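Visitor: I'd like a quick walk through this one. Can you show me the structure, and then I'll ask as we go?

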Amino acid sequence: MSALETLNALGAQAAALGRGEVVPQPLHADEAEVARVMQICNACRYCEGFCAVFPAMTRRLSFAQADVHLLANLCHNCGACLHACQYAPPHEFALNVPQAMAKVRVRTYSDLAWPAALGSLYRRNGLTVALALAFGLALFLALAVALKGKLWQAIGPEGFYAIFPHNLLVGLFAPVFGFVVLALGQGVRRFWTGQPSAPVAADAAQEAARDVLTLRYLGGGHGDGCNNEDDAFSLARRRFHHATFYGFLLCFAATSVATLYHYLLDRPAPYGYDTLPKWLGIAGGVLMVVGTSGLFVLNRRRHPLQGDAAQKPMDLGFIGLLFGTAATGLGLMLLRGSAAMPLALCVHLGFVMALFLTMPYGKFAHGIYRSAALLKWAVEKRQPSNLALGDD
């Protein structure tokens with residue numbers, strides 16, 4: 001540990017004792033790097049207006065583990081601070097805020113994951129695990145259907161319920177969905193209780209919701225967007241994120257409305273093109289295909305200093321699962337009534353189940369923890385500063 005890291009650790013311990021808190025845990029190397037970077041940024045403050053990271057930074061003199069995780073999840077990796085920084089590589093200070101924050105964020109996914117072993121596995125082998133799980137589940141379902149002699153044949157008006165009965169699908173996916181909610185809930189609870197927090201006021205919740213839904217901090221601090229690999233500004237990353245996010249919400253809404261149709265209106269699937277579930281599903285699927293395709297291209301093109309290269313398998317695995325879920329869903333709709341529909345259904349269900357099983361441990365979690373961080377910051381900024389230095 002360097003002298004600066006030792007000084008930072010002693011400062012964090014002293015600050016915690018002064019507030020009557022438990023002495024913070026020693027920082028991991030990635031967390032210590034964020035603390036080092038923030039100490040220097042706190043002296044400079046050139047980027048203070050760029051995003052929520054820097055005003056939150058100025059309310060701290062030292063950075064314990066909970067502080068580091070909060071700041072890392074406030075970072076949207078737009079790259080603006082890297083391109084504006086006078087101390088960025090090749091300067092001897094070698095400040096790279098986006099990369100340092102990215103390395104800590106991935107630790108958040110695994111350190112706060114429940115159960116922790118699954119988070120560690122997906123972090124190391126994201127793309128391989130995602131695709132192997134999707135196609136493995138699809139193969140299992142296909143073999144089960146083949147044993148019934150229905151893998152390649154046209155199905156009547158019952159649609160896919162003739163292959164997998166409704167109650168069977170509910171029995172398969174309801175426990176998975178419940179597990180996802182439980183696992184993510186446990187992670188967010190641990191993240192939220194990492195440091196003291198005031199009650200959530202209505203105006204703080206509204207501000208955080210607006211920042212999440214508009215992806216405010218993908219505007220680069222000036223509204224012109226993220227920096228591309230050639231240093232030019234672009235809103236493409238924000239727009240593709242929006243397409244993916246709202247496409248996912250529309251697909252989830254389609255499933256929810258179809259559930260209401262089934263149980264409240266006694267209208268089981270399949271649904272025609274003139275029904276609300278179909279409209280929502282088609283719109284959501286198209287948006288997800290467009291959004292994930294764009295994010296894949298941008299991910300491959302980003303400058304290596306703008307992120308953590310070790311996370312590319314996880315990033316691409318998540319993008320691949322989202323794209324596969326949307327594309328196979330649209331393909332299943334087009335193949336309805338054909339002999340290929342049973343096989344297409346197996347592939348689609350494999351991608352959907354793989355997506356949900358990996359949600360608490362991969363890139364999907366960044367949206368959950370980032371939302372929690374934005375809410376925590378919206379609450380914190382409305383509280384008096386603990387520094388007692390006058391104006392913030």
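Visitor: Which residue does the side chain of arginine 382 meet in a salt bridge?
Guide: Keep in mind that this is a predicted model. The closest approach here is 2.7 Å, N to O, inside the 4 Å cut-off for a salt bridge. The partner of arginine 382 is glutamate 207.

Visitor: How many residues apart in sequence are the parts that this pair ties together?
Guide: Arginine 382 sits in the segment after H15, while glutamate 207 belongs to helix H10 (residues 202-214). So the pair links parts whose separation in sequence is 175 residues.

Visitor: Is glutamate 207 buried or exposed?
Guide: Its partner arginine 382 has a relative accessible area of 34%, so it counts as partly exposed. For glutamate 207 the relative accessible area is 9%, and the cut-off for burial is under 20%. That makes glutamate 207 buried.

Visitor: Which residues do salt bridges with shared partners join into one network?
Guide: The whole structure has 10 salt bridges. Some of them share partners, and these make one network. Its members are Arg59, Arg60, Asp67 and Glu380.

Visitor: Asp67 makes me curious about H4. How many of the residues of H4 are buried?
Guide: Helix H4 covers residues 65-74 and is mostly covered. Asp67 is itself among the buried residues, as are His69 and Leu74. The cover over them includes helix H2 (29-44), helix H3 (53-57), helix H6 (97-111), H9 and H15. Out of 10 residues in H4, the buried count is eight.

Visitor: And H15, what does it reach from its first C-alpha to its last?
Guide: Helix H15 (residues 364-380) has 17 residues, and at 1.5 Å a residue 24 Å is expected. Burial is common along H15 too, with 13 of its 17 residues buried. Its reach is close to the expected value, at 25 Å.

Visitor: Back to H2: why are arginine 36 and glutamate 33 about one turn of the helix apart?
Guide: An α-helix has 3.6 residues a turn, so residues three or four places apart point the same way. Arginine 36 and glutamate 33 both lie in helix H2, and their closest N and O atoms are 2.9 Å apart. Arginine 36 is buried at 18%, whereas glutamate 33 is partly exposed at 26%. Their spacing in sequence is three residues.

Visitor: What separates arginine 107 and aspartate 111 in helix H6?
Guide: These two form a salt bridge, with the closest N and O atoms 3.5 Å apart. Arginine 107 is buried at 14%, and aspartate 111 is partly exposed at 29%. Because they are four residues apart in helix H6, what separates them is about one helical turn.

Visitor: Which helix gives the most to the largest nonpolar core?
Guide: In soluble globular proteins, nonpolar side chains tend to be buried together. The largest nonpolar core here has 87 residues, and Val53 and Leu74 are among those with the most contacts inside it. The biggest contribution, 11 residues, comes from helix H14 (residues 341-358).

Visitor: What's the relative accessible area of leucine 322?
Guide: Leucine 322 lies in helix H13 (residues 312-334). It touches Thr244, Phe248, Met288, Thr292 and Leu355, leaving aside residues up to four places away in sequence. Leucine 322 is buried, and its relative accessible area is 5%.

Notes. Residues numbered from 1 in each chain as written. Predicted model: local features only at pLDDT ≥ 70, side-chain atom pairs only at ≥ 80, totals over all residues. Heavy atoms only, no water. Helix = DSSP H or I, 4+ residues; strand = E, 2+ residues; numbered from the N terminus. Buried < 20%, exposed > 50% of the residue type's maximum accessible area, 1.4 Å probe, protein only. Contact = heavy atoms within 4.5 Å. Expected span 1.5 Å × (residues − 1). Core = buried A, V, L, I, M, F, W, Y, C linked by side-chain atoms within 4.5 Å.
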